[in-house]
Every structure is written in structure tokens, then in C-alpha cells.
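User: Let's go through this one together, salt bridges to begin with and empty space after that.

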Amino acid sequence: NIILRNLYGVDIMKEAVEIAKLRLFLKLVATVEADYKKPNLGLEPLPDIDFNIRSGNTLIGYATKKEIDDLQGMFVTPKMKEQILEECDLVSLAFQRFKEIQLNGYENKKEFIKAKTELNNRLNKLGNNLNKIIHKQHYEGSVFEKWIVTHQPFHWFAEFYEIINGKSGFDVVIGNPPYVEYSENKFSYKIIGNTYLTYPSKNLYSLVFEKAKKILHTKSRIGMIVQISSVSTPSMETMVREIKRNSNFNWLSNYATRPAYLFDGVTMNLTIIISEILKSE
């Protein structure tokens with residue numbers, strides 16, 4: 001119940017997604033006492049969390065309803081926006097049905113397969129429509145099929161619609177974003193710079209921090225492990241402003257490489273940032 005209703009995650013590496021799902025399964029199994037007299041040792045079927053833990057590029061895609069509402073241009077009509085919202089509602093209903101079947105103990109496997117297939121089809125249709133819009137708006141010079149592979153767009157508003165729209169965002173977002181300087185020449189994907197206040201910092205972790213704040217609701221918390229440079233160098237001024245923006249409090253804990261690293265093998269000075277956000281985007 002907790003896993004299906006409360007835990008959601010995104011990573012650009014498909015391998016990381018599979019490892020995360022496996023770790024959740026192992027944790028779940030470890031909490032249950034096996035009964036060797038019962039079939040399957042008395043264990044209930046493990047939940048299908050393919051739609052909770054997702055693969056995609058969190059920096060490319062639409063995160064909020066406001067971003068959908070703000071879409072402009074000849075290729076985005078009011079009718080298209082209305083259709084997108086209708087499709088989002090259908091995805092949300094399909095996701096709720098998919099979870100309910102599992103939580104109620106699905107004995108009819110055909111019913112489960114039907115619900116998962118319907119959810120997959122609706123998500124694919126919605127995602128494809130949003131991909132076409134963002135591609136035409138910002139990446140029209142590239143081949144669409146190749147762009148999908150290189151950019152791996154992820155639309156938070158669509159993938160987790162019942163959270164972003166129905167609950168106005170997540171209660172808590174935590175992460176350990178990549179400490180990587182962004183360069184259009186080195187990256188296989190191009191970030192839309194004018195959509196990020198922290199873009200001048202040219203580091204992915206500041207962009208991820210900013211995106212995470214967009215998917216939170218009022219009086220929510222965010223926790224990120226980033227480089228200590230995030231709050232101590234002139235080049236990260238936009239990151240410092242982002243930490244302070246719309247926040248009630250910020251708690252920063254700094255860690256040097258001696259006497260011990262925060263992570264094995266990561267020889268960097270790091271900072272843990274925990275913030276309470278007063279107002280969502």
C-alpha cells in the first residue's frame with residue numbers, strides 16, 4: 001500500500017530504475033514472515049510499480065499545468081490544451097484502477113493485464129502528443145525519432161497527474177542529482193535555458209533542484225545532496241537565490257572529504273540542503 005500510493009521516482013538511467021524497483025521488492029519481502037505451509041510461502045504477489053518508478057530526463061518536459069496553459073503558437077490551440085487535460089484525466093483514472101486491482105488482491109490475472117495495458121496505451125498516447133508539442137516548440141530542427149532517444153523527455157504533469165494536479169504536488173522530494181557541468185557541445189541533449197532561472201550556473205544539480213520545487217505543493221519539503229560549491233561560489237549565485245525563493249526555512253549541512261567522505265568513492269565537499277517550501281509554482 002505504501003509503495004503503490006506514496007513512493008514515486010524518476011531516473012534517466014534505465015538500469016537505476018530497475019535496481020530501485022528490485023530494492024523495494026527486497027525490502028518488502030524482508031518485512032514478511034514466511035509460512036512454509038502455504039503456497040508461495042504465504043507471500044502476497046509483489047506490487048507492479050512500473051508506473052511509480054519511471055525512466056526519463058527530468059529536465060526535459062512539462063512539469064505543471066501552468067506550463068501547459070502557457071503554451072502558445074499556431075501548433076497549440078485551446079482545443080489541443082483541452083484534449084491534453086482530458087487525456088490526463090483518463091490516465092489518472094486508469095492509474096487509480098491499476099492500483100486498486102493490486103491493493104484489493106487481484107485473483108483475476110486477465111483483469112490485471114487489461115488494466116496495465118490500458119494504462120500503458122493511454123500514457124503512450126498522452127506522452128507522444130506532449131513530445132510532439134515540445135519538439136515543435138523548441139527542437140524543430142532535429143529529427144523527432146532521434147530526438148526522443150537523445151532527450152528522453154519526461155512529463156511530470158502527465159506521468160504523475162493525480163499527484164501534480166489532483167494533490168497540487170508532492171509532499172516531499174528528495175534526491176542526489178548529478179554534479180555535472182552542462183555544455184551543449186558535450187551533451188547529447190539540449191536544455192531549454194530560458195525555462196530555468198538557475199541556467200546561468202551551468203550545473204545539472206541546480207536545474208534539478210529548481211525543477212523539484214516546481215512539483216511540490218505549499219508547505220512541502222525538499223532535500224538534496226549537492227556540491228558545497230552550490231552555496232559558496234560566485235558562479236552559483238542563481239542557485240543561492242533559488243534556495244531562498246519561496247522558502248520558509250533552509251537547513252544546510254556541509255561535509256568535507258576529511259576525516260571521511262559522505263559517500264564512498266566521492267572525493268568532493270558536499271552539502272545537504274533541506275528546505276520547507278511556502279508556495280509551489
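User: Are E67 and K214 buried or exposed?

Analyst: Bear in mind that this is a predicted model, where local features need pLDDT of at least 70, side-chain atom pairs count only at pLDDT 80 or more, and totals for chains, interfaces and linings use all residues. Residues are numbered from 1 along each chain as its sequence is written, and side-chain values use heavy atoms, with hydrogens and water left out. On relative accessible area (buried under 20%, exposed over 50%, partly exposed in between, 1.4 Å probe, protein chains only), E67 and K214 both come out as buried.

User: How far apart in sequence are the two partners, E67 and K214?

Analyst: Their side chains meet in a salt bridge, with N to O at 3.3 Å (the rule is a Lys or Arg side-chain nitrogen within 4 Å of an Asp or Glu carboxyl oxygen). E67 sits in helix α3 (residues 65-69) and K214 in helix α9 (residues 204-214), so this pair links distant parts of the chain (helices are DSSP H or I runs of at least four residues, strands are E runs of at least two, numbered from the N terminus). The gap in sequence is 147 residues.

User: Which residue does E276 pair with in a salt bridge?

Analyst: E276 counts as buried at 8% relative accessibility, and it lies in strand β6 (residues 270-277). The partner is in strand β4 (residues 216-227), so the contact ties together parts 55 residues apart in sequence. That partner is partly exposed, at 36%. With the closest N and O atoms 3.1 Å apart, the partner is R221.

User: Which residues are linked with K21 and D50 in a network of salt bridges?

Analyst: The K21–D50 contact is 2.8 Å, N to O, and joins helix α2 (residues 14-30) to the loop between α2 and β2 (53-55), 29 residues apart. K21 is buried at 8% relative accessible area, while D50 is partly exposed at 28%. The structure holds 16 salt bridges, and the network with K21 and D50 also takes in E18, D48 and K116.

User: On to empty space. Which element gives the most to the lining of the largest cavity?

Analyst: There is one cavity of 30 Å³ or more, holding about 60 Å³. The method puts a 1 Å grid over the protein atoms alone: a cavity is a set of points where a 1.4 Å probe fits but cannot get out, and lining residues have an atom within 4 Å of a point. Elements giving two or more residues to the lining are α4 (78-103), α5 (109-138), α7 (156-159) and α8 (161-164). With three residues, the top contributor is α4.

User: How many charged residues are in that cavity's lining?

Analyst: The lining includes F51, V91, F95, L119 and F160. By class, there are eight nonpolar residues and one polar residue. The charged count is two.

User: And which residues are closest to the centre of the largest pocket?

Analyst: A pocket is an open set of grid points with protein on both sides within 12 Å along at least five of seven lines. Here the largest one has about 1,500 Å³ of space. Its lining has 48 residues, of which 28 are nonpolar, 10 polar and 10 charged. Closest to the centre are Y8, G9, V10, W156 and I174.

Definitions and conventions:
Grid points are joined across faces, edges and corners, and a volume is the space filled by probe spheres set on the points. Ala, Val, Leu, Ile, Met, Phe, Trp, Tyr, Cys and Pro count as nonpolar, Asp, Glu, Lys and Arg as charged, and the others, Gly among them, as polar.
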